[in-house]
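Thanks for coming, everyone. Let me put the structure up, and then I'll walk you through it piece by piece.

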Amino acid sequence: MLTWRNMHVTVRTVSGLLNSHRVIRSRECMCAHGRIRTFTTGRILHNKFFKDLENQFNAARDKVADALPGSQWSPFEMNPNLPPERADIVIIGGGVIGWSIAYWLKKKERVRDGVKVIVVEKDPTYSQASTVLSAGGIRQQFSLTENIQLSLASADFMRNINEHLGVLNQEPVDLQFNHSGYLFVANESVAHIMEENYSTQRFAGAKVSLLSPVQLKEKFPWINTEDVALASYGLENEGWFDPWTLLNAFRQKAISMGVIQSIGEVTGFNCTLNRMDTVDGETVDVKRIKHVNVRMPNSREYQPVECAIVVNAAGAFSAKLVDMMGIGTGPKDTLSGMALPVEPRKRFIYVFNCPDGPGLDCPFLVDYSGIYFRREGLGGNYITGTSPEEDAEPDVSNLDVDHEFFQEKIWPSLAHRVPAFESLKVTSAWAGYYDYNTFDQNAILGIHPLAQNMFFATGFSGHGLQQSPAAGRAMAELILDGSYQTLDLKGLGFQRIMAKEPLLEKNIV
């Protein structure tokens with residue numbers, strides 16, 4: 001053990017000492033046995049010693065300053081991946097809907113960082129994300145005005161995407177948009193519905209054309225028209241694009257605007273409760289979220305995030321968040337028993353090759369049988385799929401693909417509509433989840449009457465990707481302005497579920 005006897009130097013400041021040109025050549029110290037021991041140091045060791053000493057002084061000074069009242073200093077080491085303890089708005093779900101809402105919230109803020117927004121996503125790889133596993137189509141050929149307007153506004157956004165989502169010093173956003181349009185084919189029994197939809201679409205501003213069987217054959221000679229009574233073809237703003245590019249563009253732009261990305265899973269909420277009576281005499285518990293509990297990946301550690309507003313954009317698994325709050329557990333046909341009617345539904349997409357199939361003029365074709373297909377790049381590659389019968393929904397516990405489903409349910413209709421598809425080869429396949437609204441297969445936007453500060457943007461049933469730009473803007477308006485400003489989407493709220501009045505879409509794909 002060594003103890004200093006005398007340093008022979010008066011230290012005024014460490015920095016002043018380091019600036020001097022003197023070199024200390026020797027030190028004397030008293031060892032444990034009382035003998036004087038002398039050792040020498042050179043300039044390099046001397047400088048290192050005092051630099052380390054200065055760093056320690058600076059660290060101590062900063063620590064004392066941080067410990068003053070009002071500072072955020074803590075004696076405990078914090079996990080840097082934890083989300084902040086407080087936010088204005090927590091968006092649960094980092095898919096394209098969640099990031100679109102985050103972007104529009106920041107777009108509408110009047111002062112930089114005036115709204116603190118966190119987006120929580122449990123799967124940073126997006127390996128099971130509905131957004132990136134979709135077919136990537138956009139159309140205006142719906143039967144409901146709300147859906148047509150959502151897709152028209154979204155198409156306009158995508159057409160000018162770099163004006164919205166361009167980020168300084170980054171490459172321009174390229175959605176790889178293919179403007180080949182959607183082609184719906186109807187037989188005699190559903191032709192009248194197509195005519196009604198056409199009138200609605202044209203009135204709403206969509207550019208759509210009706211084709212007779214003769215006109216259809218002239219335009220697309222490779223189609224079998226023997227059982228076709230009418231066809232509807234989109235002339236503008238329809239086709240398909242790269243889903244991942246849109247998702248990532250929203251995410252990068254939102255982060256550049258100050259949105260905080262948090263990788264973790266929401267495991268629960270801390271809520272306040274108010275017991276109220278409805279006009280029908282029913283006693284209900286109205287809840288308000290105070291904290292969102294976010295658990296870190298592969299860990300038991302979690303962070304409670306205090307917030308004013310929560311947005312449920314968790315897609316196919318959005319109902320789990322409602323279950324955590326204990327909403328919808330009351331008797332059936334009562335307000336307290338009104339659960340969120342959204343559940344995951346698995347859909348298969350198959351990639352096949354047919355060298356003699358349709359060429360560059362191939363649209364996104366939707367047959368009245370329910371099957372669809374579109375071109376996938378060049379070289380005779382296509383993707384296809386269809387929805388199963390209601391009583392034959394596949395298991396949603398995994399994303400395994402049923403290859404027999406293609407052979408039994410898809411190929412016969414494909415080969416009938418396009419004779420060249422008699423000879424094709426399936427090259428790959430994948431499965432993804434729909435956030436399927438079992439009530440009427442349309443989006444649910446707004447607040448649940450029993451969750452005072454949870455806004456919902458879910459239940460799109462396969463339309464979420466294409467409607468995400470306009471849906472995100474609508475939700476930002478609802479949250480920050482208190483009402484819709486650009487599109488009237490009140491019909492997509494919970495009121496229709498309470499009143500048991502479904503908003504049914506006739507053109508479901």
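**A walk through the model**

Start with Arg374, which is found in strand 18. Keep in mind that this is a predicted model. Is Arg374 buried or exposed? Arg374 is buried, and its relative accessible area is 6%. Which residues does Arg374 contact, leaving aside neighbours within four places in sequence? Those are Ala135, Trp240, Pro363, Phe364, Tyr382 and Ile383. Take Pro363 from that list. Pro363 and Arg374 are eleven residues apart in sequence, and their C-alpha atoms are 6.1 Å apart in space.

Now zoom out to the whole chain. The chain has twelve helices and 22 strands. It runs to 509 residues, and 48% of them count as buried. Look at contacts between residues at least 6 apart in sequence: 73% of those join residues at least 24 apart.

Next, the sheet that strand 18 belongs to. Eight strands make up an open sheet. Read across, the order is 8-9-7-17-18-19-16-20. The pairing is mixed. What stands at the edges? Strand 8, residues 208-211, and strand 20, residues 425-437. Each has a single partner strand, so one side of each has no neighbour in the sheet. From one strand to the next, the twist averages 20°.

Stay at the strand 20 edge for a moment. Strand 20 pairs with strand 16, residues 342-353. The sense is antiparallel, and there are twelve bridges. To find one on screen, go to Tyr350: its bridge partner in strand 20 is Ala429.

Two helices lie across these strands. Helix 6, residues 191-204, lies across strand 7 (182-186), strand 8 and strand 9 (230-234). Helix 6 runs at about 155° to strand 8. Helix 10, residues 403-417, lies across strand 7, strand 16, strand 17 (364-366), strand 18 (372-375), strand 19 (381-385) and strand 20. Its angle to strand 16 is about 60°.

On to another sheet. This open sheet has three strands, in the order 12-13-14, and the pairing is antiparallel. At the edges are strand 12 (265-277) and strand 14 (302-306), each pairing on one side only. Here the twist averages 35° from one strand to the next. Strand 12 and strand 13, residues 283-295, pair in the antiparallel sense over twelve bridges. Pick out Phe269 and you will find Val292 of strand 13 opposite.

Now a buried strand. Strand 5 covers residues 117-121, and five of the five are buried, so the rest of the structure largely encloses this strand. Which way do its residues point? Val117, Val119 and Glu121 point one way, Ile118 and Val120 the other way, and all are buried. Note that Glu121 is on that buried list. Strand 5 pairs with strand 4, residues 89-92, in the parallel sense over four bridges. Within that pair, Ile91 stands opposite Val119.

Time for a helix pair. Helix 4 is residues 145-159, and helix 11 is residues 464-480. Their axes come within 7 Å and cross at roughly 90°. That makes the two helices roughly perpendicular. Who meets whom? From helix 4 we have Asn147, Leu150, Ser151, Ala153, Ser154, Phe157 and Met158. From helix 11 come Leu465, Gln466, Gln467, Ser468, Pro469, Ala470, Ala471 and Arg473. By class, this contact has eight nonpolar, six polar and one charged residues.

Look harder at Ser468, in helix 11. Ser468 counts as buried because its relative accessibility is 0%. Not counting residues up to four places away in sequence, Ser468 touches Val96, Ile97, Ser100, Ser154, Leu246 and Phe250.

Last stop, the cysteines. How many disulfides does the structure hold? Zero. Why is Cys271 not bonded? The closest cysteine sulfur, in Cys307, is 9.5 Å away from the sulfur of Cys271, which is too far for a bond. The cut-off for a disulfide is 2.5 Å between the sulfurs. As for exposure, Cys271 is partly exposed, at 31% relative accessible area. Cys354, by contrast, is buried, at 1%.

That's the tour.

Conventions. Residues are numbered from 1 along each chain as its sequence is written. This is a predicted model: local features need pLDDT of at least 70, side-chain atom pairs count only at pLDDT 80 or more; totals for chains, interfaces and linings use all residues. Side-chain values use heavy atoms; hydrogens and water are left out. Buried means under 20% relative accessible area, exposed over 50%, partly exposed in between (1.4 Å probe, protein chains only). Axes are lines fitted to C-alpha atoms, for helices over the stretch in contact, and angles run from 0 to 180 degrees between N-to-C directions. Angles under 35 degrees count as roughly parallel, over 145 as roughly antiparallel, 65 to 115 as roughly perpendicular and the rest as oblique. Contact means heavy atoms within 4.5 Å. Ala, Val, Leu, Ile, Met, Phe, Trp, Tyr, Cys and Pro count as nonpolar, Asp, Glu, Lys and Arg as charged, and the others, Gly among them, as polar. Two strands pair if DSSP finds at least two bridges between them.
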